[in-house]
Amino acid sequence: MDLGKTTRGAVLGRILVLFTLVLDASGDFVFPVHHKFKGQRSLSALKAHDARRHGRILASAGSGSTSAVDLEIGGNGHPSDTGLYFAKLGIGSPSKDYFVQVDTGSDILWVNCIGCTNCPKKSDIGVKLTLYDPKSSSMSQPVTCDQDFCTAKYSGQLPGCRPTLLCEYDVTYGDGSATAGYFVKDNIEFDERTNGSMVFGCGDKQSGQLGKSSEALDGILGFGQANSSVISQLAASGKVRKQFAHCLDNVNGGGIFAIGEVVQPKVKNTTPLVPRQAHYNVAMEAVEVGGDVVQLPTDIFDTGDKEGTIIDSGTTLAYLPEEVYQPVMSKIFASQPDLKLHTVDEQFKCFQYSKSVDDGFPVVKFHFKNSASMTVYPHDYLFQLKDDVWCSGWQSSGMKSGNGDSMTLLGDLVLSNKLVIYDLENQVIGWLDYNCSSSIKVRDEKSGEIVTIGAHNLSSASTLTIGRLLIFLLLISSVLLQISSLY
C-alpha cells in the first residue's frame with residue numbers, strides 16, 4: 001500500500017493526546033482528555049518517545065453553523081510529570097469507543113481495523129483496544145480512489161484508478177514503524193446527542209512500534225493543516241473556523257484548548273507561518289541568553305526549503321541544531337562555573353542545585369520574523385527530577401532533515417504556561433505568557449456571543465503499571481548514585 005506516499009519535514013515526537021469529542025446542545029464541541037500515564041516516565045522513555053515521532057514521512061462532514069470549541073484537557077506536559085495525554089471518541093453506528101492519539105504533525109485520523117496484520121491486541125497504558133469493523137456499522141461507506149477526498153488528498157486521481165478501487169494510505173514514521181490501510185467514511189460521535197460524518201483511515205497493517213503493546217492505542221487523530229485533517233474537515237463542514245489555541249499548564253496540570261477566534265486576551269506578538277509547509281513552522285532569527293545574543297551562522301535556522309523552526313505542542317522537549325545547542329548550553333551554565341554536570345541516559349545534562357533556579361540561571365529568548373519573541377524561563381527549561389536534582393530539557397536535535405540540515409523544534413518545554421494561537425486563516429501563529437489555570441474568551445460565530453472557555457484538568461482513567469513505576473524508581477536511584485559520586 002504505497003499509494004500517495006509523500007515526504008514530509010521531519011518532526012520530533014508528539015505528546016500523544018486522545019480526545020473524547022463531545023458536542024453540546026449549543027453546538028460547541030467539548031473534548032474531555034485524559035493523560036496517557038498517570039505517573040512519571042523514565043528519561044530514556046521520554047526521549048525515545050520524542051525520537052520515534054521524528055522524521056515522519058507521510059503517505060499519506062455534515063453542515064452546521066460555526067461555533068466556538070472547548071476541548072477539555074488533562075495531564076501535564078512537564079518532563080518530570082506525565083508528559084502525555086489521552087481521550088476517546090465514538091465511531092460507527094452503533095458507536096464504539098476508540099482511544100486515539102492527537103498529532104498536530106499528521107493529517108489524517110486512522111484507527112486499527114478488523115483483520116489487521118500485526119495490530120496490538122492489548123495496551124500497557126490502561127485502555128481497552130478495539131478494532132474497527134466497517135461491516136458492523138450501518139453508516140460506514142468505503143472511499144474509492146475516484147472520490148473527491150482521495151483526489152484532493154493526492155492532488156489528482158491515482159494512476160490506474162477505477163471506481164471500484166479503494167483510496168489507500170501509507171504512513172511511515174522515523175523509527176521505521178508504519179501503518180497502511182484504506183479510507184472510509186463513518187459516523188463520529190461527539191457526544192450522546194450529536195455526531196457527524198467524517199473520512200478516516202481503516203488501518204489493516206501495522207509494523208514496528210505501532211504493533212507493540214507498550215504504548216499501543218487504537219490509532220492517531222491528525223490535527224495538521226492539510227485538507228484531510230480533522231480540523232480541516234470540521235472547518236470545511238462549517239462547524240468551526242480554522243483557528244485554534246492552547247494554554248498548557250505544567251504547574252497545576254491540564255490547561256486550555258479551544259477552536260475559534262480568541263478575542264481576549266489579545267495576542268499581538270505574532271509571526272507568519274512559513275508557507276507551503278506541512279507543520280506549524282516559523283522563521284527564527286536569533287537566540288538570546290541572559291541578555292546576550294548568541295553568535296550563530298546567519299543561515300543556521302534555514303532547513304530544506306526554508307522550513308524554519310517547528311512549533312509543536314505534541315513534543316515534550318526542545319531540540320536545537322548542534323551548532324546552536326552547544327553555545328546556548330555553554331552560556332546557560334557559564335553562570336554556575338562550579339556546577340558539576342552529569343550525563344544521564346547519555347543525553348540529559350543533570351546536576352544538584354538547592355537554590356532557586358530562576359535566580360541562578362539566565363532567561364533564554366528566541367527572536368522570530370516580524371519582531372516576535374518568546375521568553376523561556378529557567379523554571380521552564382530546567383526540570384526537577386527529585387529534591388535538589390535538576391536536568392536540562394534542551395536537547396541537540398542530533399537528527400537531520402531530508403537535505404541533511406539540522407532541525408529546530410520547540411515543544412512543551414517552551415510552550416507551557418503560554419497562550420499559543422494558531423490562525424490558519426491568516427497564516428500566523430502567536431503567543432503570550434499566561435495563567436493557564438484561568439480562562440480565555442472566544443467568539444462564537446453561530447450566535448455572535450463571546451464564550452468564556454476555562455481551564456480543565458481531567459483525572460486519568462489509566463493506571464501506571466508496576467513495571468513503569470519500577471523503571472522510574474530505578475532511574476532516580478541511578479541518577480542520585482551517579483551524581484553523589486561526583487561530590
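This report walks through the overall make-up, disulfides, salt bridges and one strand neighbourhood of a predicted model.

## The chain at a glance

Let's start with the whole chain. It counts 8 helices and 33 strands. Of its 487 residues, 59% come out as buried. The exposed surface adds up to about 18800 Å², and carbon and sulfur atoms supply 49% of that.

## Disulfides

The structure holds 6 disulfides. Counting bonded cysteines along the chain, they follow the pattern 1-8, 2-3, 4-6, 5-7, 9-12, 10-11. Three of these links are worth a look here.

Take C116 and C119, whose sulfur atoms sit 1.8 Å apart in a disulfide. The torsion about their S-S bond is about 75°, so this disulfide is right-handed. C116 is buried at 14% relative accessible area, and C119 is buried too, at 6%.

The other two involve helix 2 and its flanks. C145 and C161 form a disulfide with sulfur atoms 2.0 Å apart. The link is right-handed, with 95° about the S-S bond. It connects distant parts of the chain, 16 residues apart: C145 is in the loop between strand 8 (141-142) and helix 2 (148-153), while C161 is in the loop between helix 2 and strand 9 (168-172). C145 is buried, with a relative accessible area of 3%, and C161 also counts as buried, at 15%.

C150 pairs with C167, their sulfur atoms 2.2 Å apart, and with 85° about the S-S bond this link is right-handed as well. Here C150 belongs to helix 2 itself and C167 to the loop between helix 2 and strand 9, the two being 17 residues apart. Both cysteines are buried.

## Salt bridges around R241

On to the charged pairs. Side chains of opposite charge can pair when their charged atoms come close. The structure has 4 salt bridges, and R241 is a good place to begin. The side chains of R241 and E261 meet in a salt bridge, 3.5 Å from N to O. E261 lies in strand 15 (residues 261-264) and R241 in the loop between helix 3 (230-236) and strand 13 (243-248), so the pair ties together parts that are 20 residues apart in sequence. E261 is partly exposed at 22% relative accessibility, and R241 is partly exposed at 24%.

R241 also forms a salt bridge with E425, where the closest N and O atoms are 2.7 Å apart. Because E425 lies in the loop between strand 30 (418-423) and strand 31 (428-433) and R241 in the loop between helix 3 and strand 13, this pair ties together parts 184 residues apart in sequence. E425 is partly exposed, at 39% relative accessibility.

## A link between strands 30 and 31, and the wider network

Next comes D433, which forms a salt bridge with K418; their closest N and O atoms are 3.9 Å apart. D433 is in strand 31 and K418 in strand 30, so to speak distant parts of the chain, 15 residues apart. How buried or exposed are D433 and K418? D433 is partly exposed at 42% relative accessible area, whereas K418 is buried at 1%. As for the wider network, salt bridges with shared partners join R241, E261, E425 and R443 into one.

## E288 and strand 18

Finally, zoom in on E288, found in strand 18 (residues 284-289). E288 is buried, with a relative accessible area of 18%. That suits the strand as a whole: 5 of the 6 residues of strand 18 are buried, so the strand is largely enclosed by the rest of the structure. Beyond its neighbours within four places in sequence, E288 is in contact with V293, V363, V364, K365 and H367. With H367 there is a side-chain polar contact of 2.9 Å.

Strand 18 has antiparallel partners. One is strand 24 (residues 364-368), joined by 5 bridges, with V287 standing opposite F366. The C-alpha atoms of E288 and F366 are separated by 6.3 Å, though the residues are 78 apart along the chain. Another is strand 19 (residues 292-293), joined by 2 bridges, and here E288 stands opposite V293. Strands 18 and 19 form a hairpin with 2 residues between them, and G290 in the turn has a positive phi of about 60°.

Note on methods
Residues are numbered from 1 along each chain as its sequence is written. This is a predicted model: local features need pLDDT of at least 70, side-chain atom pairs count only at pLDDT 80 or more; totals for chains, interfaces and linings use all residues. Side-chain values use heavy atoms; hydrogens and water are left out. Helices (H or I, at least four residues) and strands (E, at least two) are DSSP runs, numbered from the N terminus. Buried means under 20% relative accessible area, exposed over 50%, partly exposed in between (1.4 Å probe, protein chains only). Contact means heavy atoms within 4.5 Å. A polar contact is a pair of N or O atoms within 3.5 Å; within protein, one must be able to donate a hydrogen and the other to accept it, and residues adjacent in sequence count only if both atoms are side-chain atoms. Two strands pair if DSSP finds at least two bridges between them. Accessible areas come from the Shrake-Rupley method with a 1.4 Å probe; for residues, only the protein chains shown count as cover. A disulfide is a pair of cysteine sulfur atoms within 2.5 Å.
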